[in-house]
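Me: Could you take me through the inside of this one, meaning the nonpolar core and the residues packed around it? Start there and work outwards, and keep it chatty.

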Amino acid sequence: MTTYKSDFLNVLNERDFIHQSSDFEGLDALAAKRDVIAYVGYDCTAPSLHIGNFLSMMMLYWLQQSGNKPIALMGGGTTMVGDPSGKDETRAIRTVEEIEANKNSIKGVFEKVLRFGDGANDAIMVDNADWLLKLGYIEMLRDVGRHFSVNRMLTMDSVRLRLEREQEMSFIEFNYMVCQSYDYVELARRYGCNLQMGGSDQWGNIVNGVDLGRRMGTHQLYALTTPLLTTASGAKMGKTAQGAIWLNADQCSPWDFWQYWRNTEDADVEKFLKLFTTLPVDEIRRLGALEGSEINEAKKVLANEATALLHGREAAEQAEETARKAFEEGALAASLPTVELPASELNAGVGVLALFVQAGLASSNGEMRRHVKGGAVRINDKSVSDDRMTVDDTALADGLIKLSLGKKKHVLVKPV
């Protein structure tokens, strides 16, 4: 394993965060002096960030823990353009009001991971709308655009892959890398920023920013990326049948967040402990070496530590206790995810297939019919074998109905 002079790169290397850098030696020397001021950009395309963003937030966390300064950049300006990276079609254009609402909803999660303030290595949060929205078009073309080669832009993955698949790319999207590169220059000028971090899919955009800084006379800038996150089975990290795993509690409850990590594939446990917890690496290796049923204890540790980081220790412990009751005792636990159903609908009776679909446990009646046939469906911990069964208010226990699909998916239905 490579050994660096700086705590920052040693920690990231030991925890498998590192994919590429524009200059490892130069960045290492800067980090060893605790002179790194690094940023990650977050566009405001939704009311919450997701697990993919959690990875870069952890990079900022370790940057701060090693005595350097993090910047969380809100993309109030770039969200109006839309990042084409990894997309086959143009992102939906959002209104200024939508972007502002999303930005305000996103902000709070950073305070769970980073320490903000006025100290030398306290985190700061800025918004690229502060400079992008003030730029005149001709000014942008003359002062910034002239430093970009269209020939080179066409070779960048975000553009090249779209064109190879014969998918249309709008002119506004083509300009995204110009805006992102200019962000880097502005952050360098305003805050002394000297490092941009992100996922490997952002490499082209980031090194364009390094090059633009050189052409526009900033100090030396650096790039650092992480590998693209996938699970051991090859699936994209953070995606489930129910959708993305969001970081805001109102988008994904602490219980659902805990459950996501608890259901990690065996082969991913050690990797995710390194990336998404702050446990010592020696302890992570011990947990990762567990086999058979013992690996489930490591998964619980992963779920507890990742959930505690974002939602607090109490929420993590409550989720674990809820899981213990639901899975080990079969008890009806009030902190399970709850969906509301009109009381009139329940009084009249609801088909069991439709009820589970409404509760979000399956996507169609056909899927539910297969689950019933496979013996995976239970109501109030009693097995369901008839797919034509009707559920009504007689199934209520303490004012709730517990729906279970397999051993790990549980929802409470509450009449309103």
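Reply: Here is the core, then the residues around it, then the chain as a whole.

A bit of housekeeping before that. This is a predicted model, so local features need pLDDT of at least 70 and side-chain atom pairs count only at pLDDT 80 or more, while totals for chains, interfaces and linings use all residues. Numbering runs from 1 along each chain as its sequence is written, and side-chain values use heavy atoms, with hydrogens and water left out.

Now the core. The largest nonpolar core takes in 102 residues. By nonpolar core I mean buried Ala, Val, Leu, Ile, Met, Phe, Trp, Tyr and Cys residues joined through side-chain atoms within 4.5 Å. Buried is under 20% relative accessible area, exposed is over 50%, and partly exposed is in between, using a 1.4 Å probe and protein chains only. If you want to know where to click, the residues with the most contacts inside this core are F54, F110, L195, L224, F257, W261 and F276. Its largest share, 10 residues, comes from helix α3, which spans residues 51-65. (Helices are DSSP runs of H or I with at least four residues, strands are E runs of at least two, and both are numbered from the N terminus.)

Let's zoom in on L195, one of those high-contact residues. Contact here is heavy atoms within 4.5 Å. Setting aside residues up to four places away in sequence, L195 touches F8, L27, V36, I37, A38, Y39, Y184, Y222, A223 and L224. There is also a second, separate core of 22 residues, with A359, V384, V411 and V413 among them.

Three of L195's partners turn up again when you look at S21: L27, A223 and L224 are on both contact lists. S21 sits in strand β1, and it counts as buried because its relative accessible area is 14%. Its contacts beyond four places in sequence are L27, W203, A223 and L224. W203 is 182 residues from S21 along the chain, yet the two C-alpha atoms are separated by 9.0 Å.

Further along, E186 is an acidic side chain on helix α11. So is E186 buried or exposed? It is buried, since its relative accessible area is 9%. T218 is 32 residues from E186 in sequence, with 9.3 Å between their C-alpha atoms.

N304, in helix α16 (residues 295-311), is buried too, because its relative accessible area is 12%. Leaving out residues up to four places away, N304 touches W258, R313, A316 and E320. A316 also makes a handy yardstick across the model: its C-alpha atom is 42 Å from that of N175, 141 residues away along the chain. N175 itself lies in the loop between α10 (171-174) and α11 (176-191), and it counts as partly exposed because its relative accessibility is 25%.

Next, some spots with more solvent access. E283 is in helix α15 (residues 281-288) and, at a relative accessible area of 29%, it is partly exposed. E283 and E270 are 13 residues apart in sequence and 9.9 Å apart from C-alpha to C-alpha. D16 is in the loop between α1 (7-14) and β1 (20-21), and its 40% relative accessibility makes it partly exposed. Have a look at the backbone there: D16 has a positive phi of about 65° without being a glycine. R34, in the loop between α2 (24-32) and β2 (37-43), does likewise, with a positive phi of about 60°.

Finally, zoom right out. The protein has 20 helices and 15 strands, and 49% of its 416 residues count as buried. The C-alpha atoms fill a box of roughly 75 × 45 × 40 Å along the principal axes. Among contacts with a separation of 6 or more, 72% join residues 24 or more positions apart. The radius of gyration is 24 Å, which agrees with the value near 22 Å for a compact globule of 416 residues; the radius is taken over C-alpha atoms, and the globule rule is 2.2 Å times the number of residues to the power 0.38.
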